Amino acid sequence: MGRAVTVATCALNQWALDFDGNLERVLRSIEIAKSKGARYRLGPELEICGYGCSDHYYESDTLLHSFQVLAKLLESPVTQDIICDVGMPVMHRNVRYNCRVIFLNKNILLIRPKITLANAGNYRELRWFTPWNKARHVEEYFLPRIVQEVTGQETVPFGDAVLATKDTCLGAEICEELWAPNSPHIEMGLDGVEIFTNSSGSHHVLRKAHTRVDLVNSATAKNGGIYILANQKGCDGDRLYYDGCAMISVNGDTVAQGSQFSLDDVEVLVATLDLEDVRSYRAEISSRNLAASKVCPYPRVKVNFALSCSDDVAVPTCMPIQWRHHSPEEEICLGPACWLWDYLRRSKQAGFLLPLSGGIDSSATACIVYSMCHQVCLAVKNGNAEVLADARKIVNDETYVPEDPREFCRRIFTTCYMASENSSQDTCNRAKLLAEQIGSYHINLNIDVAVKAIVGIFSMVTGRSPRFSVYGGSSRENLALQNVQARIRMVLAYLFAQLTLWTRGMPGGLLVLGSANVDESLRGYLTKYDCSSADINPIGGISKTDLKNFIQYCIENFQLTSLRSIMSAPPTAELEPLVDGQLSQTDEADMGMTYAELSVYGKLRKIAKAGPYSMFCKLISIWKEICTPREVASKVKHFFRMYSINRHKMTTLTPAYHAENYSPDDNRFDLRPFLYNTTWSWQFRCIDKQVFNLERKEGISHVEDVD
């Protein structure tokens, strides 16, 4: 009867400008799809060149090499007898578009340009591409000669059209179009399109996956239909981790789910679905049918090909499944670990070095590396030959097989506790015990000699010797002496990263890991060019609160009992002298705010788009049970003073895994000045006026202004 269609979608770990690797992964996904009986294969957005090419999209080379890869795909026997839907940039009449190129048996059926471009947060598509604004309009596209020689076609359709096969009708969406309020699938569905496809380049953010799943399922719940989503996965060269989650949905129900975090470079989902389920579902929705009778039709590209077989009555079809979401702690455990693995193998380094202080942040970073080692050993156990080959290259041993995460960790992970006279024995012991439990190669060293040498140079030149405040020094002296210690640690971290393996008779160098969390970066509670300055930072987009929960997760799931004492210890920089052998310095006291408050400030500043006045107005309601308006005003002012004084530090922030929508990353996500008028005079006067009015209503006597 021709009612059971078999379709495939995939998640590919593409790499920007890696045309050889990208071609190989695309071909492999098509081969797997065909082997499982699929007649249509969908791939991620811009999969041929890799999504994250950024300003390389301006280069004619990127367009040329994309067409060269397309020609290879067209002429490959692997792509025969299956409709292939691939993504690449295309220039049409001197305008660059983000496109899907859909082809069958060496013939290009349609080039479909993206209609709604992603241009918020981490996305800057309008910088490189132009949206196709001609709804339901198709033009002739003149193919380059390298493609003409393969297809025999001079021109092909280019524009907003759908494909009409012998048995159904398919329409394409590209990533952002699913998220738009006027998604194309709405009108396409009313015009009889039964299969919607979406090629995405969607990155991981904590607690985001369910939103994407809900959007896909709701797309077909109201209008009926089959929705197929492909996505990129992995680190393709920058701060983002694309988290897969390829999926297939029918009439509002998920029928196939891909993994969110995986070391597999190619993952293919195949599903067989009954077109009659779509037709019967739609038939009883009278409001849909009334709207469909008035819809403006799409141009249809006729395709002499079927996605089903004529004799398919006995073919089993996929049934609905329950989507399994990861907890935030699992996301932190898996996402940054996969990102680190991609960065390590693609940078061709021999491992990581982490300054391990015995505190929450560096311990969480160490646990993520340990999780990465777990993922590598599991992938090898499951037969992933690519992961095995990469692991062997990293450790420089062609016979090596990673089986024990602790043993692999010792080969590729060096931790270093850098003590000073201000360090406590407790943190030293905590760092050592954690290193033993995860298996890292651990170094203990003391930085006092280097610190005294640096300060000695200053004293010799100036004739003055700075002192800590506990010894009668000024705040300037106190801060400078703390910064010297912090910066010495950064210098030593890079020295040991370059030469530690040399001392052990092993080749290669190590990537230095940073461990400043998103809240500290927002507040600027870090020394510029200290250990927060590193090659990459897996926790730079994660809040202190989430990191604490992650530590608890590691205690329970990795049996890292050493983390219990780390969890219970107050966060401290240990840069000021001990008092009677005990800590006198804590992070929250230094910052003048709690980590919980910092998360609130961060979300209001970035996600709620609140300046000082709006933040005050929101918080007097949110915190009405715990703070007076005057106290709220004081807290908000203190935050914005510290934020603006320290904003310059964000310009040198170590590239970090993007996990939170309130990240202060200055690279492209959070674009702000770094030289502020830190008095915020106008804004703070507005706050003072509101405090005065509120206190007058409450009958509280007026005080001149708020601290």
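Three exercises on aromatic rings, charges and one aspartate follow, each with a worked solution.

This is a predicted model, in which local features need pLDDT of at least 70, side-chain atom pairs count only at pLDDT 80 or more, and totals for chains, interfaces and linings use all residues. Residues are numbered from 1 along each chain as its sequence is written, and side-chain values use heavy atoms, with hydrogens and water left out.

**Exercise 1.** Classify the ring pair of Trp132 and Phe158, and place both residues.

*Solution.* Start with the rule: rings of Phe, Tyr and Trp (its six-membered ring) pair if their centres lie within 6.5 Å; planes under 30 degrees apart are stacked, over 60 edge-to-face, the rest tilted. This rule gives 24 aromatic pairs. In one of them, Trp132 and Phe158 have centres 5.3 Å apart and planes at 70 degrees, hence the label edge-to-face. Next, location: Trp132 is in the loop between helix H3 (125–128) and strand E6 (138–142), and Phe158 is in strand E7 (residues 155–159). Helices (H or I, at least four residues) and strands (E, at least two) are DSSP runs, numbered from the N terminus. The two residues are 26 apart, so the pair links distant parts of the chain. Last, both Trp132 and Phe158 are buried (under 20% relative accessible area; exposed is over 50%, partly exposed in between; 1.4 Å probe, protein chains only).

**Exercise 2.** Find the rings under the charged end of Arg136 and under Arg504.

*Solution.* Apply the cut-offs: NZ of Lys or CZ of Arg within 6 Å of the ring centre and within 35 degrees of the ring normal. Arg136 sits over Tyr298, 4.4 Å from the ring centre. Arg504 lies over the face of Tyr441, at 3.8 Å.

**Exercise 3.** Is Asp265 buried or exposed, and where does it lie?

*Solution.* Asp265 has 4% relative accessibility, so it counts as buried. Asp265 lies in the loop between strand E14 (253–257) and strand E15 (266–274).
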